[in-house]
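This briefing goes through the core, helices, loops and enclosed space of one model, by topic. Please keep the coordinates open while reading.

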Amino acid sequence: MKNIWLLIVLVALVVVFLLIRVNAYEPIGYSISTYDTQAFITAGRVPFFSREFFTSDRPATISLFYKLLQPASGYQITAFASPAEDIYQPPAIQPGLQRVAFAQGLLSISAWLLLAVIVVRRLTNPGLKIIAGLLILAFGFSPTIAEWDAVLLSEPLSLTLFVILLAISIELAFRFAQQASAASWTKALFAFWGVVLLLWIFARDTNAYMLLIFIAALGVLLVLRWQRKFTGLLSTRALIVAIASLALLFVIHNFTLQQSGRWINPFFNNILHNVFPYPDRIAFFESKGMPITDEVWALRNSPGNEDGFFEIPELMSWTNIHGTSTYMQFLLAFPGWAFEKFFTGVETSFSENRQPFFFPNEYRTAPAISYIGDLLHPKSSSVIWIVLIELAVFGYLAFRRDKPPHIALFLLLATLFLGEILMLFVSIHGDALGTVRHAMGSVMPLRLSVWLFLPFILDMYGLPEDKSIEARKLKRNMAKQKRVR
C-alpha cells in the first residue's frame with residue numbers, strides 16, 4: 001500500500017511539472033533563429049556519407065539533426081535575434097524550423113523525465129524519492145533550461161544529450177556494481193550509452209575534452225587491475241578496448257575539427273583580446289612565425305569576429321598549420337595569466353542563467369517560476385566548491401560503509417566533475433567572446449550536481465550499517481589469494 005501511494009505521488013508530480021512545462025513558456029514548436037541557424041541548415045544539405053559533412057563549419061550532430069528534420073519545402077527563417085546587434089524578435093512558428101524546435105522541446109522534456117526516473121529508482125528512502133524527483137524536474141523545467149529549447153543553436157541539443165548520458169551512466173554504474181553486466185538489457189543499455197556519447201561529442205567541440213577524463217579514469221582502473229586491487233566486472237581486455245576506443249574517438253574528433261576550420265574565428269578573437277594588447281605576447285607569437293604584418297596590425301582594434309583576417313593569405317596559411325599548437329604553447333608559456341583568465345572566466349560563466357535571444361513572455365512565465373529557477377540555477381561560482389564538498393562527503397560515506405553501488409556512483413560523479421572543469425577551462429580559453437554561452441555545457445551540469453548529489457548523500461547516510469562488510473572483505477581477499485595461486 002505504501003508503494004502505491006508513493007507511485008501516485010510521483011505520477012502526480014510528473015503531471016504537474018508537465019503542465020507547467022507546456023503552459024508556462026512559449027508553445028513547443030515556436031523558435032528564434034540566430035546567425036548559426038543558417039549555417040546549420042547549409043551544413044545539413046551536405047551528403048552525410050562524405051568527408052565534407054564531418055568537416056563542415058558546424059558540428060556533425062547538429063547538422064545531422066537539421067538534415068533529418070528538413071521537410072521537402074525546406075526551412076525558412078522568419079524570426080531572428082542577434083543580442084550583440086540589439087536585434088530581438090519573439091519566438092514564432094518558422095516554416096520547416098518548427099520541426100527542429102518541437103524536436104528540441106520534446107527531447108529535452110524526455111531527457112529530464114528519464115533522469116528523474118532513474119535517480120528516483122536508485123534511491124531507497126520514499127521521502128527522498130519525492131524530493132529528488134521534485135528537484136530534478138524543477139531544475140530541468142525551469143526557465144533557465146526550458147527557454148533554450150526555442151533557440152536554434154547547438155546548446156539545446158547538447159544539453160539534452162548530456163542529461164541522457166548522465167541518466168544512463170548512473171543506471172550503468174549501479175548495474176555494474178551489482179554484478180548485472182551480463183544481462184542482455186545491460187548490454188543494450190551500454191550500447192545506447194555509446195551512441196549517445198558519440199552524438200554528444202559531435203554536438204559541441206568542447207564536449208570532446210570529457211573523453212580525456214574518461215580515458216584517465218579507465219587508465220587508473222587498468223593499473224589497479226594489474227596490481228590486483230580492482231576486481232570489478234570490467235576485465236583487462238575490456239578496459240584496454242574502452243581506452244583505445246575513446247582515444248580514437250578523441251583523435252577523430254580533433255582531426256575533423258582541425259579540417260573544418262570552425263576554430264579559426266575564435267582563434268582570431270583570442271589574438272585580438274588576449275595577445276595584441278600585450279607586447280610580450282606579440283613577441284611570443286612572432287617568435288613562432290606568426291606574420292604580424294601591417295595589414296594584420298591594422299585590424300588590432302577590431303571588437304572581434306573580424307572577417308578581414310581571412311583575407312590575408314600569409315596569415316591564413318600560418319594559422320591553418322600552426323595556429324592551434326602555437327596557442328597551446330602560449331598557454332603553457334604564460335601559466336599565471338592562463339589560470340588568472342580561467343578564474344575570472346569562471347565568475348563570468350556563472351554570472352547569467354537565462355538565454356539572451358528573446359525576452360521572456362511574462363504573461364505565461366509567472367514571476368514565481370522565474371524566482372524558483374534562479375534559486376536552482378545560482379549565479380555564483382561558489383557552486384563548484386559546494387559540489388566539491390558534496391563529492392567529498394559522498395565519497396567518504398560510500399567507502400566508509402563499503403557500498404559497491406555508491407562507490408561506483410561516486411567514481412562516476414567525480415569523473416564527470418573533473419571533465420566538466422576541464423570543459424569549462426577549454427570553453428573560457430577557446431574564445432574570448434561569448435564566454436557565458438560557450439561555458440553552458442559545463443555550468444549547467446555543475447549547477448545540477450548541487451541538487452543531484454544531495455538526495456544520494458542523505459539516502460546513503462540513512463542506510464543501515466551492512467553487517468556483512470567484513471564477510472565481503474574476507475571473500476574478496478580469498479578470491480585474490482586464489483588468483484595469485
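Which residues does Asn353 touch, not counting residues up to four places away in sequence? Asn353 touches Thr144, Gly373, Asp374, His377, Lys379 and Arg447 on that basis, where contact means heavy atoms within 4.5 Å. This is a predicted model, in which local features need pLDDT of at least 70 and side-chain atom pairs count only at pLDDT 80 or more, whereas totals for chains, interfaces and linings use all residues. Residues are numbered from 1 along each chain as its sequence is written, and side-chain values use heavy atoms, with hydrogens and water left out.

**Surroundings of Asn353**

- Asn353 is found in the loop between helix H16 (335–349) and helix H17 (367–376), helices being DSSP runs of H or I with at least four residues, numbered from the N terminus.
- At 6% relative accessibility, Asn353 counts as buried; the scale used here takes buried as under 20% relative accessible area, exposed as over 50% and partly exposed as in between, with a 1.4 Å probe and protein chains only.
- The side chain of Asn353 reaches the backbone oxygen of His377 at 2.9 Å, a polar contact being a pair of N or O atoms within 3.5 Å, of which, within protein, one must be able to donate a hydrogen and the other to accept it, while residues adjacent in sequence count only if both atoms are side-chain atoms.

**Nonpolar cores**

- The largest nonpolar core has 107 residues, and those with the most contacts inside it are Tyr66, Trp112, Leu115 and Ile170; such a core is a set of buried Ala, Val, Leu, Ile, Met, Phe, Trp, Tyr and Cys residues joined through side-chain atoms within 4.5 Å.
- Helix H8 (residues 155–177) gives the most to this largest core, with 14 residues.
- Ile170 touches Leu115, Ile118, Val119, Leu409, Leu412, Leu452 and Phe456, again not counting residues up to four places away in sequence.
- Apart from the largest core lies another core, of 27 residues, among them Trp263, Leu299, Ile312 and Trp337.

**Helices H11 and H6**

- The 25 residues of helix H11 (residues 236–260) should span 36 Å at 1.5 Å a residue, and the end C-alpha atoms of H11 are 36 Å apart, which agrees; the expected span is 1.5 Å times one less than the number of residues.
- Among the buried residues of H11 are Leu239, Ile243, Phe250 and His253, and the buried residues of H11 pack against helix H3 (51–54), helix H9 (184–201) and helix H10 (210–226).
- Just after H11, Gly261 takes a positive phi of about 75°.
- For the 15 residues of helix H6 (residues 126–140), the expected span at 1.5 Å a residue is 21 Å, and the end C-alpha atoms are 21 Å apart, which agrees.
- Asn125 caps the N-terminal end of H6, with a side-chain oxygen 2.8 Å from the backbone nitrogen of Gly127, and the buried residues of H6 include Leu128, Lys129 and Phe139.

**Positive phi outside glycine**

- Most residues other than glycine have a negative phi.
- Asp86, in the loop between helix H4 (60–69) and helix H5 (97–121), has a phi near 60°, a positive value in a residue other than glycine, and Asp86 is exposed, with a relative accessible area of 61%.
- Asp402, in the loop between helix H18 (382–400) and helix H19 (404–430), also has a positive phi, near 55°, but Asp402 counts as buried at 9% relative accessibility.

**Positions in helix H5**

- Gln98 is found in helix H5 and is partly exposed, with a relative accessible area of 29%.
- The backbone nitrogen of Gly96 lies 2.7 Å from a polar atom of the Gln98 side chain, and the C-alpha atoms of Gln98 and Ile32, 66 residues apart along the chain, are separated by 9.8 Å.
- Val117 lies in helix H5 and is exposed, with a relative accessible area of 52%.

**Enclosed space**

- There are three cavities of 30 Å³ or more, a cavity being a set of points, on a 1 Å grid over the protein atoms alone, where a 1.4 Å probe fits but cannot get out.
- The largest cavity has a volume of about 130 Å³, where grid points are joined across faces, edges and corners and a volume is the space filled by probe spheres set on the points.
- The largest cavity is lined by 18 residues, of which Tyr25, Glu26, Ala146, Glu147 and Ala150 lie nearest its centre; lining residues have an atom within 4 Å of a point.

Conventions:
Helices (H or I, at least four residues) and strands (E, at least two) are DSSP runs, numbered from the N terminus. On a 1 Å grid over the protein atoms alone, a cavity is a set of points where a 1.4 Å probe fits but cannot get out, and a pocket is an open set with protein on both sides within 12 Å along at least five of seven lines; lining residues have an atom within 4 Å of a point.
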